[in-house]
Amino acid sequence: MRKVYIYKGFERFWHWTQAALILFLAVTGFEVHGSFEIFGFEKAVQFHRVASWMLIGLIVFAIFWHITTGEWKQYIPTTKKLKEQLVYYVSGIFKGEKHPTAKTELSKLNPLQRMVYLSFKLILIPMTIISGIFYMLYKTIDQNNLVVVEDYPLESIAFWHTLGAILLMVFLIVHVYMTTTGETPTSNIKAMLTGYEDLEDEHTENEPLKNTH
Amino acid sequence: MKVMHRNILFTIIAILVVLILVNVLHEAPTYNLKLETLKQEYAIKPTPSVDHSKLEILQQNFETPQEVTAACISCHTETHKEVMASSHWNWERLSYVEGRGISASGKNTLLNNFCIGSNSNQQACAACHIGFGMNDDHFDYKNALNVDCMVCHDNSEEYKKGTSMAGYPDRTVNLQKVAQSVGTPQRNNCGSCHFFSGGGNNVKHGDLEVAQLSTTRDVDVHMAVNGMNMSCVDCHTAENHQIIGKLYSVSTNNTDRATCEQCHTNTPHFSHVLNRHGSKVSCQACHIPEYAKVNATKMAWHWSEAGKMKDGEPYHEEDSIGNHRYLSMKGSFKWEQNVKPDYVWFNGTADQYHLGDSITSVPVQINTLYGNYSDRNSKIIPVKIHVGDQIYDKEFKRLIQPKLYSENEGDSAFWKDFDWEKASIAGMHEVGLPFSGNYGFVETEMYWPVNHMVAPKEQALSCVECHSPDGRLAGLEGFYMPGRDRNKTLDTAGTWLIVLALLAVVGHGLTRIISTIAKDKYEKQVIDYRQEDLTD
């Protein structure tokens with residue numbers, strides 16, 4: 001085992017800010033949706049709008065970070081060991097077997113994570129954010145107003161946005177639980193907090209991101 | 001080096017947090033320059049350029065009101081022509097209505113579900129006509145001397161029209177005093193008719209009544225004496241005696257309307273979200289949370305119950321707040337105070353039931369306000385819906401204009417003779433429509449847009465008044481409103497998905513814990529076994 005600086009400063013900042021914002025957006029959003037009452041409708045709408053612009057800003061920075069650092073390569077999907085990974089979560093984990101894929105700073109994600117996070121980034125988040133922007137800018141016009149979104153019915157915009165919110169909640173539940181499946185139940189969370197994680201020494205043979213660092 | 005980085009990062013995060021908190025907790029300043037400008041503008045009341053009491057021609061003892069009119073015309077030589085082109089004089093307006101073509105609508109051609117109609121009852125109804133001597137349907141609309149200048153321009157509070165005197169002033173009125181006082185119309189000039197329409201204070205409108213002569217900001221933020229103390233004509237401006245603003249019980253077209261926007265613009269709020277509401281929601285919808293705030297207004301009128309007698313005599317009953325609940329002459333009423341409006345889509349165009357129209361649906365729509373969500377010109381407006389029943393011809397399927405008023409018994413008037421058949425024959429004869437003799441009572445509905453009694457901004461509706469499943473707009477259809485509407489299938493499926501995800505992770509976690517415990521036991525056994533082996 002060796003202690004590795006696996007999650008960089010910005011990465012952790014981005015992760016936790018995004019987590020906080022999404023949670024806050026969920027609370028205010030589902031209040032606007034009418035699921036419960038905490039801040040009151042008016043405040044919930046205001047907060048939701050402010051937080052949503054903050055999230056959009058954060059994601060712009062995150063995209064820049066992914067591109068400039070090359071970290072986007074972490075999310076290239078692969079089917080290699082995907083089945084093994086699935087089998088591990090379904091049965092191996094109960095028998096105390098080892099993870100079929102080793103985690104390194106150059107390949108932080110297992111094939112299943114790659115797939116889930118990639119869809120999170122390319123489908124779920126864009127769907128929710130784009131429908132959210134449409135929702136925010138939605139207006140029908142009168143003589144003096146600019147048309148931003150007009151005849152596209154608010155009903156379907158709201159449908160996609162709510163669907164995104166629900167799927168994000170499902171993601172959140174499973175994601176939080178999956179963090180407990182590391183070396184120890186808290187090792188993954190500790191790593192995301194401190195940046196450091198104890199990783200296996202030897203690289204596995206089929207390392208997807210072989211490199212010469 | 002690392003410590004420095006850490007400090008920089010910490011500082012950046014701290015600044016970000018502060019900025020975010022400032023942004024979230026920051027309240028927009030309450031100083032509204034637009035509103036201040038308006039207040040300044042309307043604080044200065046115009047001073048008249050002429051003192052009519054100094055004019056020689058008005059230093060005379062007028063015998064008849066027509067003499068006053070003649071005196072007015074002697075200086076204002078062409079003004080009568082403007083007045084005689086107005087709907088206040090003609091009691092109707094020509095306009096184009098979809099499906100009806102160009103037609104005249106007004107008191108001469110329409111009915112309502114209060115006192116039903118003016119035809120055959122002019123002697124009484126003309127108390128609200130700006131003319132003298134309208135006692136039947138032969139009124140001379142061309143005679144300028146019959147124009148009543150005083151009813152609108154009297155500033156002495158002396159003038160009043162006589163009861164059932166065909167529009168002539170009460171005999172007690174000192175015409176000289178009135179003539180010398182004339183000026184810009186005041187609240188009580190307009191109010192003498194518009195507050196009392198329907199036969200009593202606040203009967204018809206619900207948002208126009210005597211209380212507005214001297215009221216507080218809570219009741220009417222514009223007319224309040226402790227507020228801007230505005231008069232009717234401050235908003236209902238006029239050029240050449242054509243006053244802007246119209247009531248859709250008699251009007252049809254989206255023209256010459258008095259609007260909030262004419263002063264407040266269509267971006268009156270600091271919040272863009274609120275301003276944006278203005279494309280679909282009228283100002284009145286949020287800013288008039290209630291009407292009939294001081295005195296009650298009539299919400300229902302059932303003519304079918306009229307005519308009952310006690311010991312052979314007509315009688316009346318009053319409700320707990322002193323309003324008539326029953327009158328033998330008129331039937332039964334329902335009054336309400338502090339009424340929450342109903343809400344409808346409205347694009348500024350309307351149609352009315354015209355005398356002679358066939359009844360196609362019940363309740364009969366005395367007037368129809370057009371509009372719907374997908375119509376760009378439509379906005380949600382607050383309305384008072386006045387319901388009731390009234391007499392109709394069962395055979396010819398049309399509403400009846402009954403003769404209600406007469407000075408004498410035996411003149412077919414219902415209010416004297418209490419005979420619907422005679423009243424119908426006389427009324428329908430005057431309007432030139434056949435009457436089968438077979439009458440009944442049919443339910444009717446009438447829509448009164450609520451535009452006055454604007455509340456102070458603190459009392460404007462909060463979001464949840466509408467953005468909730470059982471809010472004020474629960475009945476409005478054709479659009480999706482956040483907080484009120486939701487996709488039920490998605491909500492159900494979503495709830496299940498979240499519950500299943502929770503169950504799945506809990507199940508998975510429990511299985512892990514149990515299997516770990518079991519494995520622990522097994523390993524301990526193995527170790528025990530080995531130890532046993534070693535010791536052996």
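I take helices to be DSSP runs of H or I with at least four residues and strands to be runs of E with at least two, both numbered from the N terminus. I bear in mind throughout that the model is predicted.

**Entry 1, chain A.** Reading along the sequence of chain A with those terms, I noted the pattern β-α-α-α-α-α-α-β, which gives six helices and two strands. I then looked up burial, and found that buried residues make up 20% of the 213 residues in chain A. Turning to contacts in chain A with a separation of 6 or more, I recorded that 68% of them are accounted for by residues 24 or more positions apart.

**Entry 2, the contact between the chains.** I looked up how many residues each chain brings to the contact, and wrote down 31 from chain A and 33 from chain B. On the side of chain A that touches chain B, the elements giving two or more residues are α1 (9-33), α2 (41-69) and α5 (154-178) of chain A. The largest share of that side comes from α5(A), with 12 residues. Sorting the residues of this side of chain A by kind, I entered 19 as nonpolar, eight as polar and four as charged.

**Entry 3, helix α1 of chain B.** I followed helix α1 of chain B over residues 2-25, which is 24 residues, and noted a reach of 34 Å from the first C-alpha to the last, close to the 34 Å expected at 1.5 Å a residue. Since a residue counts as buried if 20 or more other C-beta atoms lie within 10 Å of its own, I checked α1(B) against that cut-off; the number buried among its 24 residues is zero, so α1(B) lies largely in the open.

How values were computed: Residues are numbered from 1 along each chain as its sequence is written. Chains are lettered from A and ligands numbered from 1 in the order in which they are written. This is a predicted model: local features need pLDDT of at least 70, side-chain atom pairs count only at pLDDT 80 or more; totals for chains, interfaces and linings use all residues. The expected span of a helix is 1.5 Å times one less than its number of residues. A residue is buried if 20 or more other C-beta atoms lie within 10 Å of its own, exposed if 12 or fewer, and partly exposed in between; C-beta atoms are placed from the backbone. Two residues are in contact if their C-beta atoms, placed from the backbone, lie within 7 Å. Ala, Val, Leu, Ile, Met, Phe, Trp, Tyr, Cys and Pro count as nonpolar, Asp, Glu, Lys and Arg as charged, and the others, Gly among them, as polar.
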